[in-house]
Amino acid sequence: MSASQTTLERQAGKGIQTGFSLDGDFSDGDDQDEVLEFSSAAIRKHLAEQQHWNSKQSHDEDQATESSELNEHDTSVSTFYLDGSACDSKSDSASASHVSQPHTPIELDLPHDLSDISLSEDPEHQEKFYHHTDISDEEDSVTEEPAYHTVHIDVSELAPSRVTTENGNIAALSGENSQSSDVHGGDEPAVSKRMSPVSELPTIPPSLSLPIASVSAPSPHSHKSSRPTRPTMFQKVMSKTRPHFLPPKSQKEDRKHLADWETMMKQSRVAEEKRRKALQERRLARELTIEQSIHVWEKMILPDWRVVHRDPGLRQLWWNGIPTKLRASMWERATGNALALGKDNYSSCLSRAKRALSSGVFPSETLQAIEEDISITLPTLHIFHPETGPLYQDLKDMLCAWVVSRADEGLGYTRGISRIAAMILVNMSAPQGFVVMRNLLERHCMRSFYGGTNTKEDVEAYYRIFDTLLADSMPKIYFNFKQHQISPAVYLPDWLGPLFLDHLPFEACARIWDVVLLEGDSFLFRAALAILAILEPRLFFPERQELLDLLKGENKAAIEVARRDDVALDGAKYEIYGLDEETLWERIDSMEDWWRETTWRRLTQRELPDL
């Protein structure tokens, strides 16, 4: 029973009356006079006085003996039983729960042969220590026994105290201020204790009615780790992939794995170097073949370039790349002159632009946009630098003349056009290049991307065409983009607007331009699909922002690897992904099995019926 005693009264001719007495809760009586101590010394002393507990005597004698010897008289509470008899608190005071107090351990010479004190749940040892109530009739007594875990306390070793329960939980009892355990009614758990010397004997927490939580105690033999605090390169790469439920690696295993990782990285760098050398050899061999085929170009293709469409061998020769010294004339012929522009068209537009600049009529915002666009145009060539570039002024004049030529149509400057003008200027003169540029940008796809808001619907139609091609050729990438809500509008304008000059190496772009002028706009989308196919192993990021950074050429991991390998970061954005001319064209050639021009025409007729 608790301190709030429930009193049951039974009177003749009346039913049972219940009452509640709260006197014991606030009493300052004699219940604190008896100091109860739960320690090995006290238990041994108590067992010496109560040796008859292990004998099989009658239940009534055991109850009376234990009641008289273990409990002090307490007059604060009286109890009435159901049969009408009353018993004062002298024989019943043990029914009130008492609060154990911490005690200072008593020095006592413990015999070493005492290693276990068992208070197990065996029927011979199911006697109660502190909680007994005089019961007039054994049939009226009902005791509910809570399920306790068996606790073993070992005193045979002078180690930090531990309490081990049946389910394997270990509680370390360290410190001088731990409190004694107060055992309540019911069968007591079997206890053994592993103790320090008696002068340092810790006490047990007040209650063992709940399972003891596992508490880790610092080991007296603990030492600081000799491993460095900074993570190793192997830990940066591999530690995050180790499952949390596995134990930490030993130093021997960690050193072995680090050595294996360094070996693999060395082999990877060697393999990458071999691949680069092989690609370089292929490129040199292809360029040598192109130079040796100049006579074929001059004899069979230069007179009538349209013969390429009828001869597969000549078509493949064109796909391998136009010789550098013939590129200007071949580009001019393949582009055509649908606008019927004269040779003096550039000079007339340029003179109008200079008059507008001298009179201050030329829009200052447009001039500033041109300057900013030139500053980021082909920075690795250094020929368009505002201060030292020999072609800087030619590029600026061509862009100003182009703005004037579009003024009649109500169109202004569009960012990205400086890359196209720069590529043309590298291969031909400004007057010839101006005509080529205007006719090239007059093609439907290019005009849609440079036509401003008037061609927004056509641009959306091209996005749908590319989405369909992507879903048919690379469904995994398509569904990954859909999952991250990335449409072609996020990356396709940056590719098609400058004709890949921001993202691909200059030689690869020149070769793409050769084929675009021959095959038309469809090859732009074929090259875009090839780029995504090369980037496919990198495109499955869990976060959308990581995927966007990769498409922009700003992936942090790839940039770090490029810096380690001394790769220039001021060139094409996708060079950090190992995307070069030979790799790109190898992928483009592999698309020959499923790419069909009829599919392109069908999609354009469906999305652009007025084309």
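In the predicted model, helix H9 passes helix H10 in a right-handed crossing. H9 spans residues 364-375 and H10 residues 392-407. Their axes come within 11 Å and cross at roughly 140 degrees. An angle over 145 degrees would count as roughly antiparallel. The two helices are therefore classed as oblique to each other. H9 contributes Thr366, Leu367, Ile370, Glu371 and Ile374 to the contact. H10 contributes Tyr392, Leu395, Lys396, Leu399, Cys400 and Val403. By class, eight of these residues are nonpolar, one is polar and two are charged.

Aspartate 394 is also found in H10. Its relative accessibility is 34%, so aspartate 394 counts as partly exposed. Beyond four places in sequence, aspartate 394 touches Tyr346 and Leu425. The C-alpha atom of aspartate 394 is separated by 9.2 Å from that of alanine 422. These two residues are 28 apart along the chain.

The protein chain as a whole has 611 residues, of which 40% count as buried. Its secondary structure comes to 22 helices and seven strands. Long-range contacts were also counted. Among contacts between residues at least 6 apart in sequence, 72% join residues at least 24 apart.

The largest nonpolar core holds 117 residues. Within this core, Ile420, Phe500 and Leu532 touch the most other members. Helix H18, residues 522-535, gives the most to the core, with 12 residues. Leucine 532 has contacts outside its own sequence neighbourhood. Not counting residues up to four places away, leucine 532 touches Phe466, Leu470, Met474, Ile477 and Phe481, among others. Its further partners include Tyr491, Trp495, Leu539 and Leu551.

Phenylalanine 500 occupies the loop between H16 and H17. Its relative accessibility is 0%, so phenylalanine 500 counts as buried. Phenylalanine 500 has a positive phi of about 70 degrees, although it is not a glycine. Glutamine 485 is another non-glycine residue with a positive phi, here of about 60 degrees. Glutamine 485 sits in the loop between helix H15 (475-483) and H16. At 67% relative accessibility, glutamine 485 counts as exposed.

H16 covers residues 488-496 and packs with H18 at an angle of about 120 degrees. The axes of H16 and H18 are 11 Å apart. At this angle H16 is oblique to H18. The crossing of H16 and H18 is right-handed. On the H16 side, Tyr491, Leu492, Trp495 and Leu496 make the contact. On the H18 side, the contact residues are Leu524, Phe525, Ala528, Ile531 and Leu532. The contact of H16 with H18 has nine nonpolar residues, and no polar or charged ones.

Phenylalanine 466 touches residues of this same H16–H18 contact, including Tyr491, Leu492, Phe525, Ala528 and Leu532. Its other partners beyond four places in sequence are Pro488 and Leu529. Phenylalanine 466 lies in helix H14, residues 456-473. At 0% relative accessibility, phenylalanine 466 counts as buried. The C-alpha atoms of phenylalanine 466 and leucine 529 are separated by 8.5 Å. Along the chain, phenylalanine 466 and leucine 529 are 63 residues apart.

Arginine 511 lies in helix H17, residues 506-519. Buried means under 20% relative accessible area. With a value of 5%, arginine 511 is therefore buried. Leaving aside neighbours within four places in sequence, arginine 511 is in contact with Arg286, Trp319, Asn320 and Gly321, among others. Its contacts also include Glu581, Glu582 and Trp585.

Glu581, Glu582 and Trp585 are among the buried residues of helix H21, which spans residues 581-590. Thr583, Leu584 and Ile588 of H21 are buried as well. What covers the buried residues of H21 includes H17 and H18. The cover also includes helix H4 (251-292) and helix H6 (312-319).

Terms used. Residues are numbered from 1 along each chain as its sequence is written. This is a predicted model: local features need pLDDT of at least 70, side-chain atom pairs count only at pLDDT 80 or more; totals for chains, interfaces and linings use all residues. Side-chain values use heavy atoms; hydrogens and water are left out. Axes are lines fitted to C-alpha atoms, for helices over the stretch in contact, and angles run from 0 to 180 degrees between N-to-C directions. Helices (H or I, at least four residues) and strands (E, at least two) are DSSP runs, numbered from the N terminus. Angles under 35 degrees count as roughly parallel, over 145 as roughly antiparallel, 65 to 115 as roughly perpendicular and the rest as oblique. A crossing is left-handed if the near helix is turned anticlockwise from the far one by less than a right angle, and right-handed if clockwise. Contact means heavy atoms within 4.5 Å. Ala, Val, Leu, Ile, Met, Phe, Trp, Tyr, Cys and Pro count as nonpolar, Asp, Glu, Lys and Arg as charged, and the others, Gly among them, as polar. A nonpolar core is a set of buried Ala, Val, Leu, Ile, Met, Phe, Trp, Tyr and Cys residues joined through side-chain atoms within 4.5 Å. Buried means under 20% relative accessible area, exposed over 50%, partly exposed in between (1.4 Å probe, protein chains only).
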